[in-house]
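Subject: Structure handover

Hi,

Here is the structure we talked about. Please open it next to this message and follow along.

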Amino acid sequence: MHTLPALSFLDRAHTIARPGYSRWLIPPAALAIHFSIGQAYATSVYKGQLQEHFDAGHTSIGMIFSIAIVVLGLSAALFGTWVDRVGPRRTMFTAACCWASGFVVAAGGVALGGTLGLWVVYLGYGVIGGIGLGLGYISPVSTLIKWFPDRPGLATGMAIMGFGGGAMIASPLSKRLMSAYGGDAGHQVSMLFLTLAVIYFCFMMFGVFLVRVPAPGWHPAHWDPAEHKPKKLQTTAHVSAGNAIRTPQFWLLWVVLMCNTTAGIGILENAGPMIQDFFREEGADGIWRSTLDADPATVAVMAGGFVALLSVGNMAGRFLWSTCSDFVGRKNIYMLYLGGGALMFLILASAGSTSVALFVLLCMVIVSFYGAGFATVPSYLRDLFGTFQVGAIHGRLLTAWSTAGILGPLIINGVLDAQTPVQGPDPENPGGTVDVLTASDYALGLYIMVGVLAIGFVCNLLIKPVAARFHETGSVTDAADGTRAVDAHS
């Protein structure tokens, strides 16, 4: 298939770096993509507006986010081999087109309103935008691993931290834009979506033009592959994507990622309402009021700030913990994510409502472990299966994220929808009341997450080196750059 002349710059042949190109330009290119698609973590900021506009419950609106994450994993799995073949630039461009057009379609759905409009939002943000999420997420990963064979955890952490930090920008930006547009809830969100479509497309195109792939045989001047001594669980052999999914290691790691993601995503998807619900007390008149501030509007602003703060924790965890994994090993660092995360959830469920500082600290640590799981897993895959088709293997593994995208919000939202709400002040109608939730309503969902993380902890303990029968034999073509032949060990 021939490429149109106007789009020939997207071809892999035009992205091979010339001598002297700095590999430190690749993380900014990856960050441009990941900061943009990281907006997905800011959906809780306008969740209330969508509930009001569509007259829908937590679960129905939460499905927008869940569908997007499901499609992210499915598209990453389906197109993983294609991504390796065509290179990062064409993939990033496709991701930008899908992500922006998803916002446009979703804006139309919000403007349409009603049940049909909600389904259009599912199609736009969930399906079309979800494809953009999947392609945008995996496109820089194998490229980064090739540019940073000496520090893969650092490299993937630098890029993938952008996905976790996207809400740090999107959350306050969304609040300001919706306030500036005014009007009813539906008008605010539809205009917000159209604005974000333009902003993110332009920002993602910066990454498209900047990205390069290393020339065949390239390696850092200070790092000789022949002298590199692999650590525990690291292999010098290569496993194809087809063989990888036949190994127990792949499926154990799949469960590990799914459990770690399920727990964290349940917090992130409900972050804005959660901090408001955790700090209420019943007055003498039977009305539950916030203990954060007497003004409901101020509490809403604080909730938006909390979402942005979690984004900082998500972003920092992806860089800090994944970088640590280069020194302590991937298996050991996942023991921290899962075991430490379970402890944090236990404290949050039992004592999280006693102190705002404690609540914020616990949530930030939980979200840092959640984000770090994503940043560390590409290097974990490289350790287990080698660099051959690592992008395709990573894409297949992200179906665990799809599963978690359903389970995490479903567990928390399902528990919340089953509760009997109490009455709180209505910020839109002084003197009126609305249904609200309290900290005790979240407890069951949080205890469930402790069990989920315990399952992941056990699976991580069971991971061992991949058996030699799954290794490629002879000479294989490294799918990460599509050109260089590498030696495989039988």
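Is Q249 buried or exposed? Keep in mind that this is a predicted model. Q249 has a relative accessibility of 8%. The cut-off for buried is under 20%, so Q249 counts as buried.

Some context for Q249. The residue sits in helix 10, which spans residues 248-268. A polar atom of the Q249 side chain lies 2.9 Å from the backbone oxygen of K464. K464 also appears among the contacts of Q249, once neighbours within four places in sequence are set aside. The others on that list are L384, F385, I463, P465, V466 and A467.

Next, T43. You will find T43 in the loop between helix 1 (26-37) and helix 2 (47-54). T43 is buried because its relative accessible area is 10%, and buried means under 20%. The T43 side chain reaches the backbone oxygen of A40 at 3.4 Å. Leaving out residues up to four places away in sequence, T43 touches F65 and Y125. T43 and F103 are 60 residues apart in sequence. In space, their C-alpha atoms are 12 Å apart.

T43 also leads to the cavities. How many cavities of 30 Å³ or more does the structure hold? There are 5. The largest cavity has about 60 Å³ of space. T43 is one of its lining residues, along with S44, Y46, K47, L50, I61, G62, I64, F65 and E269. Helix 2 and helix 3 (58-86) are the elements that give two or more residues to this lining. Which of the elements gives the most? Helix 3 does, with 4 residues. By class, the lining of the largest cavity has 5 nonpolar, 3 polar and 2 charged residues. F65 turns up twice here: T43 touches F65, and F65 lines the largest cavity.

Last, helix 2. Its buried residues are K47, Q49, L50, Q51 and F54. Of these, K47 and L50 are also in the lining of the largest cavity. What do the buried residues of helix 2 pack against? Their partners are helix 3, helix 4 (88-112), helix 5 (114-138), helix 7 (152-181), helix 8 (185-210) and helix 16 (399-417). Just past the end of helix 2, D55 takes a positive phi of about 50°.

Best wishes

Note on methods
Residues numbered from 1 in each chain as written. Predicted model: local features only at pLDDT ≥ 70, side-chain atom pairs only at ≥ 80, totals over all residues. Heavy atoms only, no water. Buried < 20%, exposed > 50% of the residue type's maximum accessible area, 1.4 Å probe, protein only. Contact = heavy atoms within 4.5 Å. Polar contact = N/O pair within 3.5 Å; in protein donor to acceptor, adjacent residues only side chain to side chain. 1 Å grid on protein atoms, 1.4 Å probe; cavity = no way out; pocket = protein on both sides within 12 Å on 5 of 7 lines; lining within 4 Å. Points joined across faces, edges and corners; volume = space filled by probe spheres on them. Nonpolar A, V, L, I, M, F, W, Y, C, P; charged D, E, K, R; others polar.
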